[in-house]
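Please look over the structure shown here before reading the briefing. The points are grouped by topic.

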Amino acid sequence: MSDFDELRPPQPTRRRRRRDGKRERRGWRDGGDGAREMSMVPDVEFTSYYGRAVVKAPPWKHEVPAYLFLGGVAGGSGLIALGAQLTGLDALRRNARLGGLVAIGLGGAALVRDLGRPERFYNMLRTFKVSSPMSMGSWILTGYSVGAGVAGAAEVDRLSGDRLPLGPLRPVLRAVEPWAGLEAAVFSPPLASYTAVLLSDTANPTWNDAHRHLPFVFVSSATLAACGLAMITTPTRETGPVRALAAIAVVGDIVATKVMEHGMDPTVVETLHNGTAGRLLRTAERLAAVGGAAALFGGRLRPVAAASGVALLAASACTRFGVFDAGIESVKDPRYVIEPQKRRLAARRAAGETGDSITTA
């Protein structure tokens, strides 16, 4: 090659020759010879929606999944505390009440931090709308906090040897303590599950597609976390029912997660298996299985019970963070919105509904 060859423009590639030496006729393969209809539009592979996301991502940071986890801990602890109250397991009742109170306090702080200003939570309580998961969740959180706060105050006063400056309010506190524990337990199941309804009520592809089974996953995960906390903080002589409940919750958590994944769109479910969310959810499943087995077979030993409790708490946290991260990732790729819409439209047409062509329903 001479020095002048470097200035030549790129030359077109030569046509391929058939093995018999004849040139291949142009358009033979794509129908250009007139033998059959030639496709004028290439196959479309959906990669972008005018360069933007179809669904807007929520402006939530790590405070929100932290609140999801802590709300689950509080909800499960409220039910365990009531069970211990009714069966006379004093240490388990005390630790579950205090654990639930600390969890809801930290969760409330995370929620207020996400809102930006505390008065925004107050403004959420100015309305009571049954059809709004956000409004109902605010009142559920408030109702649980009142019951857990009163019951927790009674436990703190008892731990301090009646040294809190309560004065004439001490007999009143003792009288309302059982009812406060009952109130916290009444609000515990909705507290553990309303966040799943809140996520599912959005247009987020992953959360919305999992709306039928996500509350069951969250309830099982909350039970795991509360059992784990009780096993860490309570002597093993009072944790027999908790260990049995933890084993049942592990089965429920794994089954509910598998059923949820099986019922989701084959494209959307990829967000639960890939990336950070996939690693978190796989870790959650393994930790739950190990923690449940340890609680069932070795939970009477204090070190094993504590290690099992840590594993169950970590499993619940991984589940909440994994589901949250999968939803955030699903809005970044328009494919997770468009392809399920097309499949839903095709299913409606196959079922005989030919009057609509809207894919967003």
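What follows covers the overall fold, the nonpolar cores, the cavities, two helices and three acidic residues.

This is a predicted model. The protein chain has eleven helices and zero strands, and 42% of its 361 residues are buried. Helix 1 recurs below: it supplies the largest share of the largest nonpolar core and the largest share of the lining of the largest cavity.

**Overall fold**

- Along the sequence, the protein chain reads α-α-α-α-α-α-α-α-α-α-α.
- Among contacts with a separation of 6 or more, 69% join residues 24 or more positions apart.

**Nonpolar cores**

- The largest nonpolar core holds 22 residues, and Phe69, Leu141, Tyr144 and Leu191 have the most contacts inside it.
- At least two residues of this core come from each of helix 1 (63–87), helix 2 (90–115), helix 3 (118–124), helix 4 (133–159), helix 5 (169–200) and helix 10 (302–330).
- Helix 1 gives five residues to this core, the largest share.
- Apart from this core lies another one of 21 residues, including Leu68, Ala256, Val323 and Phe324.
- Leaving out residues up to four places away in sequence, Leu141 touches Tyr67, Ile104, Leu111, Phe121 and Leu191.

**Cavities**

- The model contains two cavities of 30 Å³ or more.
- The largest cavity encloses about 70 Å³ of space.
- Its lining is made up of Ser77, Gly78, Ala81, Leu82, Gln85, Ala96, Arg97, Tyr144, Ala148, Ala151, Gly181 and Ala184.
- Helix 1, helix 2, helix 4 and helix 5 each give two or more residues to the lining of the largest cavity.
- Helix 1 provides five residues of that lining, the largest share.
- By residue type, the lining of the largest cavity has seven nonpolar, four polar and one charged.
- The second largest cavity encloses about 30 Å³.
- Ser77, Ile80, Asn95, Ala96, Ala226, Leu229 and Ala230 line the second largest cavity.
- Two or more residues of this second lining come from each of helix 1, helix 2 and helix 7 (214–233).
- Helix 7 has the largest share of the second lining, with three residues.
- The second lining divides into five nonpolar, two polar and no charged residues.
- Ser77 lines the largest cavity and also lines the second largest cavity.
- Ala96 likewise appears in the lining of the largest cavity and in that of the second largest.
- Tyr144 is in the lining of the largest cavity, and Tyr144 is also one of the residues with the most contacts inside the largest core.

**Helices 1 and 2**

- Helix 1 has 25 residues and reaches 36 Å from its first C-alpha to its last, close to the 36 Å expected at 1.5 Å a residue.
- Of the 25 residues of helix 1, 19 are buried, so this helix is mostly covered.
- Glycine 88, just after helix 1, has a positive phi of about 75°.
- The end C-alpha atoms of helix 2 are 37 Å apart, which agrees with the 38 Å that its 26 residues should span at 1.5 Å a residue.
- Glycine 116 follows helix 2, and its phi is positive, near 100°.

**Three acidic residues**

- Is glutamate 155 buried or exposed? Glutamate 155 counts as buried because its relative accessibility is 1%, and the cut-off for buried is under 20%.
- Glutamate 155 is placed in helix 4.
- Not counting residues up to four places away in sequence, glutamate 155 touches Arg93, Arg94, Arg97, Leu98 and Glu177.
- Arg97, one of these contacts of glutamate 155, is also in the lining of the largest cavity.
- Aspartate 114 lies in helix 2 and is partly exposed, with a relative accessible area of 25%.
- Leaving aside neighbours within four places in sequence, aspartate 114 is in contact with Pro59, Trp60, Lys61, Glu63 and Val64.
- Aspartate 114 and valine 64 are 50 residues apart in sequence, and their C-alpha atoms are 6.9 Å apart in space.
- Aspartate 162 sits in the loop between helix 4 and helix 5.
- Aspartate 162 counts as partly exposed, at 40% relative accessibility.
- The phi of aspartate 162 is near 60°, a positive value in a residue other than glycine.

Technical notes. Residues are numbered from 1 along each chain as its sequence is written. This is a predicted model: local features need pLDDT of at least 70, side-chain atom pairs count only at pLDDT 80 or more; totals for chains, interfaces and linings use all residues. Side-chain values use heavy atoms; hydrogens and water are left out. A nonpolar core is a set of buried Ala, Val, Leu, Ile, Met, Phe, Trp, Tyr and Cys residues joined through side-chain atoms within 4.5 Å. Buried means under 20% relative accessible area, exposed over 50%, partly exposed in between (1.4 Å probe, protein chains only). Helices (H or I, at least four residues) and strands (E, at least two) are DSSP runs, numbered from the N terminus. Contact means heavy atoms within 4.5 Å. On a 1 Å grid over the protein atoms alone, a cavity is a set of points where a 1.4 Å probe fits but cannot get out, and a pocket is an open set with protein on both sides within 12 Å along at least five of seven lines; lining residues have an atom within 4 Å of a point. Grid points are joined across faces, edges and corners, and a volume is the space filled by probe spheres set on the points. Ala, Val, Leu, Ile, Met, Phe, Trp, Tyr, Cys and Pro count as nonpolar, Asp, Glu, Lys and Arg as charged, and the others, Gly among them, as polar. The expected span of a helix is 1.5 Å times one less than its number of residues.
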